[in-house]
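Let's take a walk through this structure together, from its sheets to its rings and its unusual backbone spots. Please keep the view open as you read.

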There are 2 protein chains.
Amino acid sequence: MARRAAGRFVGWFRPDRRAGGESLQEQLYAAIRRAVLQGELTAGERLPSSRALAADLGLGRNTVVTAIERLAAEGYLESRRGSGLFVAVDLPAEGVRPAAGDKPPSLSRRAAEAPGLHAEGESRAMRPFALGAAALDEFPLELWRRLAVQVLRRQPGDLLGYGDARGLPALRRVLAGYLADSRGVVCSPDTIVIVSGAQQALDLIGRLLLDPGDAVVVEDPGYAGARDALAGTGARLLPVAVDGQGFDPAVLAGLAPVPKLMMLTPSHQFPLGMTLPVARRLALLAEARARGIWIVEDDYDCEYRYGGPPLQALQGLDGGERVLYVGTFSKVLFPGLRLGYVVLPPQLVEGFLRLKTAADGFSPGWPQAVLAEFIAQGHLVQHIRRMRTLYRKRRSALLAALARHAGDLLVPRLSEAGLHVTVEFRDGRDDKSAAAAAQAAGLSVAPLSRYAVIRRLSGLLLGFAAFPEAELETAVQRLVKALR
Amino acid sequence: MARRAAGRFVGWFRPDRRAGGESLQEQLYAAIRRAVLQGELTAGERLPSSRALAADLGLGRNTVVTAIERLAAEGYLESRRGSGLFVAVDLPAEGVRPAAGDKPPSLSRRAAEAPGLHAEGESRAMRPFALGAAALDEFPLELWRRLAVQVLRRQPGDLLGYGDARGLPALRRVLAGYLADSRGVVCSPDTIVIVSGAQQALDLIGRLLLDPGDAVVVEDPGYAGARDALAGTGARLLPVAVDGQGFDPAVLAGLAPVPKLMMLTPSHQFPLGMTLPVARRLALLAEARARGIWIVEDDYDCEYRYGGPPLQALQGLDGGERVLYVGTFSKVLFPGLRLGYVVLPPQLVEGFLRLKTAADGFSPGWPQAVLAEFIAQGHLVQHIRRMRTLYRKRRSALLAALARHAGDLLVPRLSEAGLHVTVEFRDGRDDKSAAAAAQAAGLSVAPLSRYAVIRRLSGLLLGFAAFPEAELETAVQRLVKALR
């Protein structure tokens, strides 16, 4: 851009007239704006009339008028009645250039001190033995798509507008029936809140119930995502080692201070897989009642049980008074759906909804409507039944391959449920480097120690649900080769 | 259910054999479970063999075996080799009945002390003058549906599986282009994070930057949802009265302690509507740099400007160093989409992603893919252009009707943008009871004082975007009647 002669703008502005670029008006606006911000046009300086400017710059009068009006509206120029157009006088001379004395702003202490998240990213690639991966290619996608089109056609206003922070009423209704039937959960549509995945339920529960410094019992080993969500409140985590039966309520007596909350996976301990016996469940509930402790029951993959029908939820045994029951559709349908739910003791519903509203308003209505229809038409139960058969076969294939190729190296934990098998190393080797070796061999395995806080464990989590039997067989062979 | 004779179960169990009910196995399971929990079957008591039980109860042997296996798996019964089946001995005798000494658990102090949310619920009904409502009946729904089906067919795996916490790459790419072109935002796909609505952006920003006790400047009046999200961190809000030009940076010099963050709506002050002049913008940025303050620019409805092209964002003037730019598709497309975005200074991206991951993992991929396609094909720009024309007419109709029917009662604030008009009462009456009177007359108006913290303001917010001109005319007449 040529230097501007005093009071004259001839040749000052070189517009780009190629097709598809910015309009001349946009370009002129940007050029004058830049000149003001950089001090090339100085505060109080008078500009030629729009007519003269148009002539000087070789532009149409309208182009110039529009650009100038916009600059005046934004406060770069000011028009004084009768005397013309001026560069605004009150612009700070220094503009926005960095200065020597600038103070760098900081993060919150909480965020600055937060541990790195336990990123599951690398294990989510669809390579064997990716964790948490369901057999997405078996999902009835065409049916889902058809239902999606139908519900949107039927009730566009409901789905486009602001939604209910509790979740779509139709979904809460069918879900209440499903949870009562299949899990013995004590609930009504009014005590269910639909959330954006189980992770959001855990995050909001933490905020609802925990203050900085509060003690929270977590299973060791346990789900790292839950620890991350709860630790974000500033609460202190008390990891409690699980034994062969899962969480031992006898431990609670010796804990000081009394925990505010216990985070448990009674149906299928994550990641070890045992089921908490009813005696322990009852003892836990008695202890929780006597000492004023909340229990969060994370029932993350209860639907996939191969030894018999799914267990009744701890929540049902409690009557839903002290237990907050958390579930998700990520495992049973698909993770991208981002829908989970929490069944709350009635006195917690209002507080939870306040936090949900402040966190993200409400979860989107369209997927909820599709899901409600999917459940109401019986497809959910049918899909689970189909997948259970498929996963049972895949699990057996994985266990057989492990016995065949890795019996001297790896011991599978006995578990009748879930989408992964946890194996331990007979020689107790460092599982992180073992996982890295498997990773290098094109496999996606998670080291067991990632889920432990205090305990020393050495093993691997092997997801099997998304992989056909033949693929599991060769993947086990590759794994063993990588480990030897 | 008949009392059980000692050692015999004849007639003890009365199954319901109606079609469609629970299976006999389920019923037997539930009956034995209940009897154990209620102490009717006592710990250590021996049960008859499954063959004898089947005979006593008149059930098939398989039915009994399945129920018993399930009860044994859950720990209600235990099978001792060679000696038969017993009620488990370690069940606590008290079961889960409430006891006198039970301690009620409590909420977190933060949650217990939180003010009630400023529920927008009642004003979201589609009655005039509902706030934040766009003209959803003008939305190109058929096109959206077609794109939805297309993208799901093209990349089902990407959309069903775990997604990127940053948001779908394709969406961040087109959005970066759109924001640079239309708003002068300085960004790249890597500094954009897709969130579940602007509310989530504000919530996560609060957690990223604020510790309890930190001072946060908010505009007074200002957006209540932002105050709720930021106050949830335990930060202290410093409401600063806006004047006729919006937020006055001169106020900052007198504030103690130095705020950690300022929450601003420079394009279109919410709810009063003025645009912050560039001189103030520059002074604000200089002050923020000198004193280490973060600025959050909430650009909630920047697309709807009737006096000229949308203003350049404050973020662009800053070069994206101290300003976090927050936007949403709720106003420009539809609220049920639940997609918003934040453009972050590069050094904040990683910390923000950690919090997003802990909060809800990632936002769902399918709607992001549809939106990316919608933007890439030029539909977004075209839709905004169409809506701008429509809304301009509706806004003029509302202003004309107000002048015609309520000139002696209400003074509209001058504003060239947005989806609502703010009017003030000439007589400064209590606006909450005025809003209640309008509510009773079937209208949905928000009192201006709801958005004020310290300032005493009396007025109404009248949303116009979703209502045809004739409806606005009669609604104004009804409003005036209700107010007189």
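A charge sits over a ring if NZ of Lys or CZ of Arg is within 6 Å of the ring centre and within 35 degrees of the ring normal. With that in mind, look at A:Arg80 in this predicted model: its charged end sits over the ring of A:Phe86, 3.9 Å from the ring centre. Chain B offers a case with a tyrosine, where B:Arg70 lies over the face of B:Tyr29 at 3.8 Å from the ring centre.

**Strand β10 of chain A and its partners**

Strand β10 of chain A covers residues 340-343. Which way do its side chains point? A:Gly340 and A:Val342 point one way, A:Tyr341 and A:Val343 point the other way, and all are buried.

Strand β10(A) pairs with strand β4 (residues 192-195) of chain A in the antiparallel sense, over four bridges. Within that pairing, A:Ile194 has A:Tyr341 as its bridge partner. Strand β9 (residues 323-328) of chain A also pairs with β10(A) in the antiparallel sense, again over four bridges. Here A:Tyr325 is bridged to A:Val343. As a reminder, strands of a sheet pair through backbone hydrogen bonds, either parallel or antiparallel.

A:Tyr325 and A:Val343 turn up again around A:Gln315, a residue of helix α12 (314-318) of chain A. Leaving aside neighbours within four places in sequence, A:Gln315 is in contact with A:Val185, A:Val186, A:Glu297, A:Gly320, A:Val323, A:Tyr325 and A:Val343. Is A:Gln315 buried or exposed? With a relative accessible area of 0%, A:Gln315 is buried, because the cut-off for buried is under 20%.

**The sheet of chain B**

In chain B, seven strands form an open sheet with mixed pairing, in the order β4-β10-β9-β8-β7-β5-β6. The edge strands are β4 (192-195) and β6 (236-241), each pairing on one side only. From one strand to the next, the twist averages 20°.

Inside this sheet, β9 (residues 323-328) and β10 (residues 340-343) of chain B pair in the antiparallel sense over four bridges, and B:Thr328 stands opposite B:Gly340. Two helices of chain B lie across strands of the sheet. Helix α7 (residues 169-183) lies across β4, β9 and β10 of chain B and runs at about 110° to β4(B). Helix α8 (residues 198-209) lies across β4, β7, β8, β9 and β10 of chain B, running at about 155° to β9(B).

**The nonpolar core**

The largest nonpolar core has 153 residues, and those touching the most other members are A:Phe329, A:Leu333, A:Tyr391, B:Phe329 and B:Leu333. Helix α15 (residues 379-406) of chain A gives the most to this core, with nine residues. A:Phe329 has contacts beyond its neighbours within four places in sequence, including A:Leu175, A:Phe334, A:Leu337, A:Tyr341 and A:Leu380.

**Aromatic pairs**

A pair of aromatic rings is described by the distance of the centres and the angle of the planes. Over all chains, the structure holds 23 aromatic pairs. Two of them are set out here.

| Pair | Geometry | Centre to centre | Angle between planes |
|---|---|---|---|
| A:Phe139 and A:Phe334 | edge-to-face | 5.0 Å | 70° |
| A:Tyr223 and A:Phe270 | edge-to-face | 5.8 Å | 90° |

The pair of A:Tyr223 and A:Phe270 links distant parts of the chain, 47 residues apart: A:Tyr223 is in the loop between β5 and α9 of chain A, and A:Phe270 in the loop between β7 and α11. A:Tyr223 is partly exposed, with a relative accessible area of 30%, whereas A:Phe270 counts as buried at 9%.

Both A:Phe139 and A:Phe334 are buried. Together with A:Trp144 and A:Phe374, A:Phe139 and A:Phe334 form one aromatic cluster.

**Unusual backbone spots**

Most residues other than glycine have a negative phi, and most peptide bonds are trans. Where does the backbone depart from this?

A cis peptide bond joins A:Pro128 and A:Phe129, with omega about 5°, and A:Phe129 lies in the loop between α4 and α5 of chain A. In chain B, the peptide bond from B:Pro128 to B:Phe129 is cis, with omega near 5°.

A:Arg338 is not a glycine, yet has a positive phi of about 55°. This arginine is placed in the loop between β9 and β10 of chain A and counts as buried at 8% relative accessibility. B:Arg338 likewise has a positive phi of about 55°, lies in the loop between β9 and β10 of chain B, and is buried with a relative accessible area of 8%.

Notes
Residues are numbered from 1 along each chain as its sequence is written. Chains are lettered from A and ligands numbered from 1 in the order in which they are written. This is a predicted model: local features need pLDDT of at least 70, side-chain atom pairs count only at pLDDT 80 or more; totals for chains, interfaces and linings use all residues. Side-chain values use heavy atoms; hydrogens and water are left out. Buried means under 20% relative accessible area, exposed over 50%, partly exposed in between (1.4 Å probe, protein chains only). Two strands pair if DSSP finds at least two bridges between them. Contact means heavy atoms within 4.5 Å. A nonpolar core is a set of buried Ala, Val, Leu, Ile, Met, Phe, Trp, Tyr and Cys residues joined through side-chain atoms within 4.5 Å. Axes are lines fitted to C-alpha atoms, for helices over the stretch in contact, and angles run from 0 to 180 degrees between N-to-C directions. Rings of Phe, Tyr and Trp (its six-membered ring) pair if their centres lie within 6.5 Å; planes under 30 degrees apart count as stacked, over 60 as edge-to-face and the rest as tilted.
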